[in-house]
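Q: Hey, can you walk me through this one? I'd like to start with a pocket and then move on to the strands.

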Amino acid sequence: MVLTKTATNDESVCTMFGSRYVRTTLPKYEIGENSIPKDAAFQIIKDELMLDGNPRLNLASFVTTWMEPECDKLIMDSINKNYVDMDEYPVTTEFQNRCVNIIARLFNAPLKESETAVGVGTVGSSEAIMLAGLAFKRKWQNRRKAEGKPYDKPNIVTGANVQVCWEKFARYFEVELKEVKLSEGYYVMDPDKAAEMVDENTICVAAILGSTLNGEFEDVKRLNDLLVKKNEETGWNTPIHVDAASGGFIAPFIYPELEWDFRLPLVKSINVSGHKYGLVYAGIGWVVWRASEDLPEELIFHINYLGSDQPTFTLNFSKGSSQIIAQYYQLIRLGFEGYKNVMENCIENMVILKEGIDKTERFNIVSKDQGVPVVAFSLKDHSFHNEFEISEMLRRFGWIVPAYTMPADAQHITVLRVVIREDFSRTLAERLVVDIVKVLHELDTLPSKISKKMGIEGIADNVKEKKMEKEVLMEVIVGWRKFVKDRKKMNGVC
């Protein structure tokens, strides 16, 4: 009789989950000594990624999470192209130039029919804002030098509701950030207060078309009119930059009569995020200037070591071409009609969600009807539970809905915010309302976590009698933040 001996150490006869690689701990913070099979590496990473949230249900983000399969294929076909190699990839460079010209004309840049727009693609609005800010700073410095005046104390005026990239610009490039404080019920920059804060050292005033906090558009027209008058009185020539990261691809299609762009004479540059309502995956932004004289020539570098003379004005060098190609795809695929349809759908789904939340009679709606399709809402009664608890409990249903406090002078207001993107359908809006109602009913049956977690058991009776309501609410917010932070530490989350 012939006996067959099975080789138990042959990895080829094992399934992936029967191999030694799934029961061996791999080093996480230093490189391993040995290689592992490609399928093992793939499966290990794929398994751990299952613990991430679902991007489609991430209602905290403005960033696009769905594109058509045809565009996905174009992205994968060009993923190995380095955009900076313009001489090697001239068609990709031409696509970027076309995008810049399309966007500049969409924003009503004063261009003649054959005139080329001034702008550049970036990795997002953060880089775009850095570039625009540098242009303003350099122009202001050049003017002050020519006038024989000090140029060492530049400042920029914004609202306290600006995105953190403005704070980064101010800190990284040594520009004083002068913020217009918010107030309860008014969560965007007041143009009158902004104009009052302008002085001879102000390099520009930044207006937000679509506040991150509640989606509201700031009144750029009012700001322009106030600064025109002030410039005539002082001779300062203070310009405006419009941060249209979220609203730049909404206003032209939904609010075409709204004057916020280059139709206003003091608007010198505009940034917009292609990866938000430009409908492209993360990694693309744009900044366009009114005219070539608004971008100082000395900020543009010319290189020739990649094959030809190439002008470049970016903070980085190498970057992928995929998102530029994807943006061009969306612009020619959708056209004005397609973008208008998408934005109208977003607005309609926002209204459905807003009405559903309003019908619960438990929330105040903080967002506005005109603006980015966002629903921001706050609890009417904070006696027993708060927005952070609702946010935490909604995660059990898969929803990622952020809770956060407003900036300075309105920090006692806490809100939940839902961003309505292209892939957020009416069905999902209705389902989210159902799940919010479930969470509210469950919280109603639970004892107050606020007093329990923070050790202020008497908040509902004794503390309220001794402190003003805002003080109590701030104590609740600070305590809950500490609780959430401590939990993250215990979970090893950075």
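Q: What's the split of nonpolar, polar and charged residues in the lining of the second largest pocket?
A: In this predicted model, the lining has 13 nonpolar, 11 polar and 2 charged residues. Ala, Val, Leu, Ile, Met, Phe, Trp, Tyr, Cys and Pro count as nonpolar, Asp, Glu, Lys and Arg as charged, and the others, including Gly, as polar.

Q: And how much space lies in that pocket?
A: About 510 Å³. A pocket is an open set of points on a 1 Å grid over the protein atoms alone, where a 1.4 Å probe fits, with protein on both sides within 12 Å along at least five of seven lines; lining residues have an atom within 4 Å of a point. The volume is the space filled by probe spheres set on the points, which are joined across faces, edges and corners.

Q: Which residues are closest to its centre?
A: Q96, N97, G119, V120 and P311, out of 26 lining residues.

Q: Which element gives the most to the lining?
A: α3, with 5 residues. Helices (H or I, at least four residues) and strands (E, at least two) are DSSP runs, numbered from the N terminus.

Q: New topic: what's the strand order in the open sheet of 7 strands?
A: β1-β7-β6-β5-β4-β2-β3, with mixed pairing. Two strands pair if DSSP finds at least two bridges between them.

Q: Which are the edge strands?
A: β1 and β3 (176-180), each pairing on one side only.

Q: How are the residues numbered, by the way?
A: From 1 along each chain as its sequence is written. Local features need pLDDT of at least 70, side-chain atom pairs count only at pLDDT 80 or more, totals for chains, interfaces and linings use all residues, and side-chain values use heavy atoms, leaving out hydrogens and water.
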